[in-house]
Amino acid sequence: MKLSHFNFELPENLLAEYPAENRDESKLMVIHRETGKIEHKMFKDLIDYFDEDDIMVINNTKVFPARLYGNKEKTGARIEVFLLRELNEEQRLWDVLVDPARKIRIGNKLYFGDDETLVAEVIDNTTSRGRTLRFLYDGSYLDFRRKLRDLGQTPLPKYIKRDVEPEDEDRYQTIYAKHEGAVAAPTAGLHFSKHLLKRLEIKGVNFAELTLHVGLGTFNPVEVEDLSKHKMDSEELIIDERATEIVNSAKIKKRKICAVGTTAMRGLESAVSSQRTLNTFDGWTNKFIFPPYEFSIANAMITNFHLPKSTLLMMVSAFVGHDLMKKAYKEAILEQYKFYSYGDAMLII
């Protein structure tokens, strides 16, 4: 399949600027893979499609406030710094994106906060937009991380043009987020409320947790027509023994195994054994799933509605089938479903 197979016209008014008023009351499209049937529900109706001993695999990564604004020495120019990855704890080294990139050179210093107590020096230009910064901070590592958190903003995607609001700190985070490290939310999980989780537990649905720290690479545009030539950025993935036991037990019992989001699905598919069971994993994955692809673990999936030509859309196509994906997306636009991070959801069974 080629990049052009994943292009479609998406009306701008369908990009979700705000989340639904209540987490579990976003719209839910339910797609039945075998019959091609499409239903229109609310997210809380999800419970009707799961039974006792079915499982959901959730990504418990936690978003950290990765967007900082600083001023360049001498000129005072305002520079946006997006923290991507910590390279060295002791030396306070971080890979970052800077905007506007053309104004930043090796050796430049940036000052953060009203009191300018946090200073960073540019020590490497790795790509056209990427930089490596060394933060010059005398306090302890814990104080340094606290400082970053205080100065940082919730890293809402760029398509959201409005300012960050206080509620975003809570809503751009799943209610089961535990391990800090993501610069973007695993958005399919944003629809789960405490009440819905409780109802699922009472019904006997089990949860397996993995941690995949979402990086911006997930959202990087594909710029090659031949998909096999696209390279995904690596993201940190941890799957422990408890998760593998829950998943493999459900597999033996032929229960429904639902990946909550493309990140959970990518995590599962990155740790498949030769017997097509789930292995533990502690490392980095750059798994890129596009059609044709045979999935080994999950037989159901929850996901949001994705942008044209995105790697996320390609994974959905591989899972649901390309023609059915196109039909579903056409219907989503017709029915005014909201797209992207704060948008509505889809259940594929």
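In this predicted model, the buried residues of helix α1 are covered by a set of strands that includes β5 (67–72), β6 (78–88), β7 (93–99), β9 (118–125), β10 (130–136) and β11 (179–182). Helix α1 itself spans residues 141–151, and the side chains concerned are F144, R145, K147 and L148, each of them buried. Viewed down the axis of α1, these buried residues fall within an arc of 155°, so they line one face of the helix. Such a pattern fits the general geometry of helices: with 3.6 residues a turn, residues three or four places apart point the same way. On the face of α1 turned away from the buried side sit L142 and D150, both exposed.

Helix α3 (residues 194–203) can be read in a similar spirit. Here the buried residues are L196, L197 and L200. Their arc around the axis is only 100°, which puts them on the same side of α3. The cover over these leucines includes β3 (55–59) and β12 (206–212). Facing away from the buried side of α3 are the exposed residues K194, H195 and I202. Just after the helix comes G204, with a positive phi near 100°.

Attention now turns to how helices pack against one another. Helix α5 (residues 262–269) and α6 approach with their axes within 11 Å and cross at roughly 65°. This angle makes α5 roughly perpendicular to α6, because angles from 65 to 115 degrees are classed that way. The crossing of α5 past α6 is left-handed. On the α5 side the contact involves T262, M265 and R266, which meet L312, M315 and F319 of α6. By character, the residues of this contact comprise four nonpolar, one polar and one charged.

Helix α6 (residues 311–320) also packs against α7 (residues 322–334), here at an angle of about 120° and with the axes 7 Å apart. The two helices, α6 and α7, are therefore oblique to each other. Their crossing is right-handed. From α6, the contact draws on L313, V316, S317 and V320, while α7 supplies H322, L324, M325 and Y329. Six of the residues in the contact of α6 with α7 are nonpolar and two are polar, with no charged residue present. Helix α6 thus has two partners to follow in the structure: α5, met through residues L312, M315 and F319 of α6, and α7, met through L313, V316, S317 and V320 of α6.

Methods: Residues are numbered from 1 along each chain as its sequence is written. This is a predicted model: local features need pLDDT of at least 70, side-chain atom pairs count only at pLDDT 80 or more; totals for chains, interfaces and linings use all residues. Side-chain values use heavy atoms; hydrogens and water are left out. Axes are lines fitted to C-alpha atoms, for helices over the stretch in contact, and angles run from 0 to 180 degrees between N-to-C directions. Helices (H or I, at least four residues) and strands (E, at least two) are DSSP runs, numbered from the N terminus. Angles under 35 degrees count as roughly parallel, over 145 as roughly antiparallel, 65 to 115 as roughly perpendicular and the rest as oblique. A crossing is left-handed if the near helix is turned anticlockwise from the far one by less than a right angle, and right-handed if clockwise. Contact means heavy atoms within 4.5 Å. Ala, Val, Leu, Ile, Met, Phe, Trp, Tyr, Cys and Pro count as nonpolar, Asp, Glu, Lys and Arg as charged, and the others, Gly among them, as polar. Buried means under 20% relative accessible area, exposed over 50%, partly exposed in between (1.4 Å probe, protein chains only). The arc is that of the directions from the helix axis to the C-beta atoms.
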